[in-house]
Amino acid sequence: MYNIRELRAEFPILSRVLPNGKPLVYFDNAATSQKPNAVIDAMSRYYKTYNSNAHRGAHTLADEATTALEAARESIASFFGASPSNLIYTSGTTEAINLVAYAWARRNLSEGDAIVLTEMEHHADIVPWQELSKEIGVELRFVPLDLEDMCLDMGAYRHALQGAALVCVVHTSNVLGIRNPIEEIITLAKESGARILIDAAQGAAHERINFKELGADFVTLSAHKMAGPTGIGGLLATNEALSQCGPFLTGGQMIKSVSTDGSIFRDGAALLETGTPRIAEAIGWGAAIDWLSKIDFNQMHDHIKSLAIMAFEGMSQIDGITVYSDPTRPGSSGTISFLHERIDSDDLAMLLDEGGFALRTGQHCAQPLMDALGVASTNRISLWLYNTEEEIKSFLSYLRMICERFG
Ligand SMILES: Cc1ncc(COP(=O)(O)O)c(C=O)c1O
């Protein structure tokens, strides 16, 4: 059974009362999720009892740190149906995509090659490719949205694929909560001979992603959106893709040997991790993954979906509110963007904050999507496994009150 009360009790921050006396209602999970005690304790245990550098010292603490770092890699890789040797620790999705752009694309693409992106991408999956385009002249093709259905225009995607070398697509939109038809997108990319990268920063927090079954060449992850700490995430890459990579950051750890004449590099994932690893963060992410492994993702999804539909229906009935999401669509993540036609989005967020509701406002690092929607910004609630029906009800009544008073 999905016991929301027991679940919430594992997240100390959820019982926080804000300085104005309002209890916190945390609806900003697409930005970052809260962390359970299991994660906070694992990181604190590392710092309190075996803080040491990994893969280096010949002493007990260093052994313990190395063992914990690699045990975390095994848990995380196994959770995503991958081998530990296919997981590269990065600071998150942004660094993982840059890693692909630097270590793989700069070596395997050249002027005239085409990269397929979508209007739904986060800036993290746009700017690295624009930089590459400036540098080596690759062509960027943006697949538009079908605005009627708020989903990707798959006909345009098929067309854009012709002769493309790489496809980079977001699994689940951080603005609309829409899950793209990733399986079909990957199959079509493979059939056309393109490599494919999936930005799973949002998707991985909402469904079990199996790297091998998915069949993408690259999948990018951010731990902090799935109960883990900030500062860590990963790139899952196939052996074939890894074998085509050159170094990204150079220095310690990624080398076999160094002399004054030059250096010999390591292979595979080891080539792409340089310097002191993110030890505490990896241990924290491993603890988050162990914690998430106990959650039934189907139940979690049903829970979030029912809350999102309740919020969506309630918001759609409030005079002046336009909703830019459809949580009834299969796989939607519980992220809902909305705007009031007369109340400025920043003012609305501030008024909601006074009521204890933490949500995001702005362009959500997705300006091309904002342009496609024809808006400068949106307000966004994003729900996760610990949100409750009571929170949605109190949000709707507070939002209604604000709209009646200020709208
Ligand atoms: C879809 C998507 N991609 C990429 C990112 C960037 O992730 P990070 O800031 O963890 O590197 C985010 C963060 O919000 C996101 O939602």
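The expected span of a helix is taken as 1.5 Å times one less than its number of residues. With that in mind, let us turn to helix H4 of this predicted model.

Helix H4 comprises residues 93-108, that is, 16 residues, so at 1.5 Å a residue the helix should span 22 Å. The C-alpha atoms at its ends lie 21 Å apart, which agrees with that expectation. Please note, however, that H4 has a kink of about 30°, centred on alanine 101.

How much of H4 is covered? Most of the helix is, with 12 of its 16 residues buried. Among them are Thr93 and Thr94 at one end of the numbering, Ala101, where the kink is centred, and Trp104.

Thr94 brings us to the ligand. The surrounding shell holds 13 residues, of which Gly92, Thr94, His122, Asn174 and Ser222 come nearest. By class, this shell consists of eight polar, four nonpolar and one charged residues.

I now move to helix H6, residues 154-161. Which of its residues are buried? They are Tyr157, Ala160 and Leu161. Because these residues cover an arc of only 100° around the axis, they sit on the same side of H6. The opposite face, turned away from the buried side, carries Gly155, Arg158 and His159, which are exposed.

What covers the buried residues of H6? The covering elements include three strands, S3 (114-118), S4 (139-143) and S6 (151-152), together with helix H7 (182-191). Finally, just after H6, glycine 163 adopts a positive phi of about 75°.

Methods: Residues numbered from 1 in each chain as written. Predicted model: local features only at pLDDT ≥ 70, side-chain atom pairs only at ≥ 80, totals over all residues. Buried ≥ 20, exposed ≤ 12 C-beta atoms within 10 Å, placed from the backbone. Helix = DSSP H or I, 4+ residues; strand = E, 2+ residues; numbered from the N terminus. Arc of directions from axis to C-beta. Contact = placed C-beta atoms within 7 Å. Bend = angle between axes of the 7 residues up to and from the residue. Near = placed C-beta within 6 Å. Nonpolar A, V, L, I, M, F, W, Y, C, P; charged D, E, K, R; others polar.
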